[in-house]
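Welcome! Here are some short exercises for getting to know a protein you have not met before. Take a look at it, then try each task before reading its solution.

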Amino acid sequence: PLVLHIALDKAESWDVWGDRSGATLRGSTGARWRYAGLLASDARGTPIDAHMEGEEGGLVMVVEDSGAAYPITVDPVLGEETKLTASDADTSDYFGVVVSGAGDVNGDGYGDIIVGASYDDEGGTDAGAAYVYHGSATGMDAGSETKILASDGGFSDRFGASVSGAGDVNGDGYDDVLIGAPHDSIDFISDAGSA
């Protein structure tokens, strides 16, 4: 096989994932990166099996090139690992209690995500909230945060206890989201729930 050795001078440590499709890298400052999406193909565009291995001093990409037509393209993606936190995080908001793919809510061609924070207090004690983050060519854009509160949110509704992408329910070309509030009280019925 074709073997590519990658020196990792700036990384302090690295771990190859169990399925050997990528690796997590850590720097001395605590920054983390992901080597992922390892794809390989030959000159005919035929996919070729490839995987990563760790070695002292770096990583190895192994490409099974038997019968492949050269030149071969090896295309992993190196990106910073993003830890999402709410920009207005507060004690016991439970940000991340649920997460889901949201589809492409802004229509830019990249998948977006939705994150529940069912104990957020902005709309009242434990009223809850959800946050949408947009994907981009470089990964998740933490700066694209949109916070969603229930229009009629109230005490202990726990809006954001469940979240999901819903597809394009109104046919406008943009994907939509669904957010649950299991403790919402409706017409004096306690904890009737809503979405």
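The exercises below go from the overall build to single residues.

This is a predicted model, in which local features need pLDDT of at least 70, side-chain atom pairs count only at pLDDT 80 or more, and totals for chains, interfaces and linings use all residues. Residues are numbered from 1 along each chain as its sequence is written, and side-chain values use heavy atoms, with hydrogens and water left out.

**Exercise 1. Overall build**

Task: Find out how many helices and strands the protein has, and set its radius of gyration beside that of a compact globule.

Solution:
- Step 1. Start with the secondary structure: the protein has 13 strands and 0 helices. Here helices (H or I, at least four residues) and strands (E, at least two) are DSSP runs, numbered from the N terminus.
- Step 2. Turn to the radius of gyration, which is taken over C-alpha atoms, with a globule rule of 2.2 Å times the number of residues to the power 0.38. The protein has 22 Å, whereas a compact globule of 195 residues would have a value near 16 Å.
- Step 3. Add the box: along the principal axes, the C-alpha atoms fill roughly 70 × 40 × 25 Å.
- Step 4. Look at burial, where buried means under 20% relative accessible area, exposed over 50%, and partly exposed in between (1.4 Å probe, protein chains only). Of the 195 residues, 32% are buried.

**Exercise 2. The largest nonpolar core**

Task: Work out which strands each supply at least two residues of the largest nonpolar core.

Solution:
- Step 1. Recall the idea: in soluble globular proteins, nonpolar side chains tend to be buried together. A nonpolar core is a set of buried Ala, Val, Leu, Ile, Met, Phe, Trp, Tyr and Cys residues joined through side-chain atoms within 4.5 Å.
- Step 2. List the members: the largest core has 10 residues, namely Ile6, Leu8, Ala11, Ala23, Leu25, Tyr35, Leu38, Met52, Leu59 and Met61.
- Step 3. Match them to strands: β3 (23-27), β4 (32-41) and β6 (58-63) each give at least two residues to this core.
- Step 4. Notice that a separate core of 8 residues also exists, with Ile114, Ala130, Val163 and Ile179 among them.
- Step 5. Zoom in on Ile6, leaving out residues up to four places away in sequence: Ile6 touches Tyr35, Gly57, Gly58, Leu59 and Met61. Contact means heavy atoms within 4.5 Å.

**Exercise 3. A network of salt bridges**

Task: Trace which residues are linked with Lys147 in a network of salt bridges.

Solution:
- Step 1. Begin with the principle: side chains of opposite charge can pair when their charged atoms come close. A salt bridge is a side-chain nitrogen of Lys or Arg within 4 Å of a carboxyl oxygen of Asp or Glu. The whole structure holds 6 salt bridges.
- Step 2. Take Asp88, whose side chain meets that of Lys147 at 2.6 Å, N to O. This pair links distant parts of the chain, with Asp88 in the loop between β7 and β8 (95-103), Lys147 in strand β11, and their positions 59 residues apart.
- Step 3. Move to Asp120, which bridges to Lys147 with the closest N and O atoms 3.1 Å apart. Asp120 lies in the loop between β9 (112-117) and β10 (129-136) and Lys147 in strand β11, so this pair ties together parts that are 27 residues apart in sequence.
- Step 4. Include Glu122, which forms a salt bridge with Lys147 at 2.6 Å, N to O.
- Step 5. Compare burial: Asp120 is buried at 3% relative accessibility, Glu122 is exposed at 51%, and Lys147 is partly exposed at 25%.
- Step 6. Put it together: Asp88, Asp120, Glu122 and Lys147 are linked in a network.

**Exercise 4. Unusual spots**

Task: Locate the cis peptide bond, then examine Ser156 and Asp65.

Solution:
- Step 1. The cis peptide bond joins Tyr70 and Pro71, with omega about 5°. Pro71 sits in the loop between β6 and β7 (73-80).
- Step 2. Ser156 is not a glycine, yet has a positive phi of about 60°. Ser156 is in the loop between β11 (139-148) and β12 (162-167), and is buried at 16% relative accessible area.
- Step 3. Asp65 is buried but has no salt bridge, and Arg44, the nearest side chain of opposite charge, is 11 Å away. For charge, Lys and Arg count as positive and Asp and Glu as negative, while His and the chain ends are not counted.
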